[in-house]
Every structure is written in structure tokens, then in C-alpha cells.
Amino acid sequence: MSNNLINMEYEVARNDFATAGDASSNIKKILVQLGINPQIVRRTAIVTYEAEMNLVIHSIGGKIFVNISPKEIEIIAEDKGPGIEDIDLAMQEGYSTASNDIRELGFGAGMGLPNMKKFCDKFDIASEINKGTTVNMKIYIS
């Protein structure tokens, strides 16, 4: 891979379960085409999918930005929405604010943020009530 960055941006709509997962699938294909280590591809797909689902379930919409360089993959999920009142609580496995309707669809198990943190090398989250949340993740390639 050259020193050039690959930059991608994906719009994610609230409650759009029909296209949920498209961004992570597309990113996974690109990483495979670039010859990235399969474990790094897997980790990137997991964190991107979890971020995408959080935007679909918990926000009023947002974007996922992916920047690929020879050294790292950066995934930024930005949403407009209610924000997270207690980030420490939200980071606990099993904690979820998902509605019963979402849970009946098989989502909202409270593993999104914990999985994002677990499968990336660097994890930062910032949230402001009634404004939104930004999650910045990095996975090192080399």
C-alpha cells in the first residue's frame, strides 16, 4: 500500500435495518483487496459494524468515517442524538438503553461499545446530551 490515505464516508440513518451493516461489509472488502492481515480485517469489521448498529439504534442518524493509511485504520462514528448520560455505565457489558422493539429484532444486547473498545487498539468516546456522540477508534496495521 502506498503512503496515500484512503478516506471513506458512510451516511447511517436511524432505524434503517435494511442497509445496516453495508458500511462494515464494504470496508471489509476494501481491506481484503488491499491485502490487510485477516485478523485486522476482522477486528475492523467488528468495530465498524458495532458503531453502525449503534447509529441505527440509538441516534437520529450519523456518519461513519474510515481513514486507511499504511500504519493504521481509523474509524470515526459521529451521531446526532440524545447523547450518552453516563459513559462509564454505557461501557459496561450488557447495559443497554435499546427499546423492547429493538431487542425483539435481536439487537440491543449492550455489547456495542464494549466490543468496540475490545477490538480496537485506541478508543475514545465523547458525548454531549441533546447533541450527539463521537467514537474514535484506531486499529494499528504496523
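**Reading a five-stranded sheet and its helices**

Author: S1 and strand S2 (residues 62–68) are joined by seven bridges and pair in the antiparallel sense, and within this pair Tyr10 stands opposite Ile64 in S2. Please keep in mind throughout that this is a predicted model.

Reader: Before I read any detail, where in the chain is confidence lowest, and where is it highest?

Author: The general caution is that where pLDDT is low, the predicted coordinates should not be read in detail. Here the mean pLDDT of the chain is 92, with 97% of its residues at 70 or more. Confidence is lowest in helix H4 (residues 100–104), where the mean is 82, and highest in strand S5 (residues 132–140), where it is 98.

Reader: How should I read the sheet, and in what order do the strands stand?

Author: In general, strands of a sheet pair through backbone hydrogen bonds, either parallel or antiparallel. In this model five strands form an open sheet in the order S1-S2-S3-S5-S4, and the pairing is antiparallel. Strand S1 (6–12) and strand S4 (122–128) are the edge strands, each of them pairing on one side only, while the twist from one strand to the next averages 10 degrees.

Reader: Which residues of S5 could I use to follow its pairing with S3 and with S4?

Author: On one side, S3 and S5 run antiparallel and are joined by seven bridges, with Ile73 standing opposite Ile139 in S5. On the other pairing, S4 and S5 are also antiparallel, over seven bridges; here Asp124 stands opposite Asn136 in S5, and Phe123 has Met137 as its bridge partner. As a general idea, in a regular strand the side chains alternate between the two faces of the sheet.

Reader: What backbone feature should I look for in the hairpin of S4 and S5?

Author: The hairpin has three residues between the strands, and Asn130 takes a positive phi near 65 degrees.

Reader: Where does helix H1 lie with respect to the sheet?

Author: Helix H1 (residues 22–33) lies across S1, S2 and strand S3 (72–79), and its direction makes an angle of about 165 degrees with S1.

Reader: How do H1 and H2 pack, and at what angle?

Author: The idea is to take the angle between the helix directions together with the separation of the axes. H1 and H2 pack at about 160 degrees, their axes being 8 Å apart, and because an angle over 145 degrees counts as roughly antiparallel, H1 is roughly antiparallel to H2. Their crossing is right-handed. From H1 the contact draws on Asp22, Ala23, Ser24, Ile27, Lys28, Leu31 and Val32, and from H2 on Val41, Thr44, Ala45, Thr48, Tyr49 and Glu52. By character, the residues of this contact of H1 with H2 divide into seven nonpolar, three polar and three charged.

Reader: How do the axes of H2 and H5 cross, and how close do they come?

Author: The axes of helix H2 (residues 38–58) and helix H5 (residues 112–119) come within 9 Å and cross at roughly 155 degrees, which means that H2 is roughly antiparallel to H5. H2 passes H5 in a left-handed crossing, whereas the crossing of H1 and H2 is right-handed.

Reader: Which residues meet there, and what is their character?

Author: In H2, Arg42, Arg43, Ile46, Val47, Glu50, Ala51 and Asn54 meet Gly112, Leu113, Asn115, Met116 and Phe119 in H5. The residues of this contact of H2 with H5 divide into six nonpolar, three polar and three charged.

Terms used. Residues numbered from 1 in each chain as written. Predicted model: local features only at pLDDT ≥ 70, side-chain atom pairs only at ≥ 80, totals over all residues. Heavy atoms only, no water. Axes fitted to C-alpha atoms, helices over the stretch in contact; angles between N-to-C directions. Helix = DSSP H or I, 4+ residues; strand = E, 2+ residues; numbered from the N terminus. Parallel < 35°, antiparallel > 145°, perpendicular 65-115°, else oblique. Left-handed = near helix turned anticlockwise from the far one by under 90°. Contact = heavy atoms within 4.5 Å. Nonpolar A, V, L, I, M, F, W, Y, C, P; charged D, E, K, R; others polar. Pairing = 2+ DSSP bridges. pLDDT = per-residue confidence, 0-100.
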